[in-house]
Amino acid sequence: MNNRVRELRTERGWSQADLAERLDVSRQTVNAIETGKYDPSLPLAFKIARLFNFSIESIFEPEP
């Protein structure tokens with residue numbers, strides 16, 4: 001799955017640790033999501049979307 005998490009995080013000047021704290025997950029989880037090694041659960045995807053004020057579909061999209 002492709003995502004814009006890194007892009008949205010860096011636009012706000014947040015570190016991976018900052019984002020992890022806001023989402024109540026580990027920094028390693030944020031890194032794994034950003035690098036595409038981990039697809040977040042649906043509740044976590046909703047939490048990410050709400051935090052960035054975007055729809056889930058505008059942040060995450062399946063690979064072609």
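Let me start with Arg9, which sits in helix α1 of what is, I should say at once, a predicted model. Is this residue buried or exposed? Arg9 has a relative accessibility of 8%, and because buried means under 20%, Arg9 counts as buried. Leaving aside residues up to four places away in sequence, Arg9 touches Trp14, Ser15, Gln16, Leu19, Glu34 and Phe52.

One of those contacts, Glu34, deserves a second look. The side chains of Arg9 and Glu34 meet in a salt bridge, with N and O 2.5 Å apart. This pair links distant parts of the chain, since Arg9 belongs to helix α1 whereas Glu34 belongs to helix α3, which covers residues 27–34, and the two are 25 residues apart. Both partners, Arg9 and Glu34, are buried. In general, side chains of opposite charge can pair when their charged atoms come close. Arg9 and Glu34 are also joined with Arg6 in a network of salt bridges.

How many salt bridges are there? The count comes to four, and I will describe two others here. Arg4 pairs with Glu7, their closest N and O atoms being 3.2 Å apart; Arg4 is partly exposed at a relative accessible area of 27%, and Glu7 is likewise partly exposed, at 36%. Arg12 and Glu11 form a salt bridge as well, at 3.8 Å from N to O, and here Arg12 is partly exposed with 32%, while Glu11, at 53% relative accessibility, counts as exposed.

Finally, a word on Glu11, which lies in helix α1, residues 5–11: Glu11 and Asn53 are 42 residues apart in sequence, and their C-alpha atoms are 13 Å apart in space.

How values were computed:
Residues are numbered from 1 along each chain as its sequence is written. This is a predicted model: local features need pLDDT of at least 70, side-chain atom pairs count only at pLDDT 80 or more; totals for chains, interfaces and linings use all residues. Side-chain values use heavy atoms; hydrogens and water are left out. Helices (H or I, at least four residues) and strands (E, at least two) are DSSP runs, numbered from the N terminus. Buried means under 20% relative accessible area, exposed over 50%, partly exposed in between (1.4 Å probe, protein chains only). Contact means heavy atoms within 4.5 Å.
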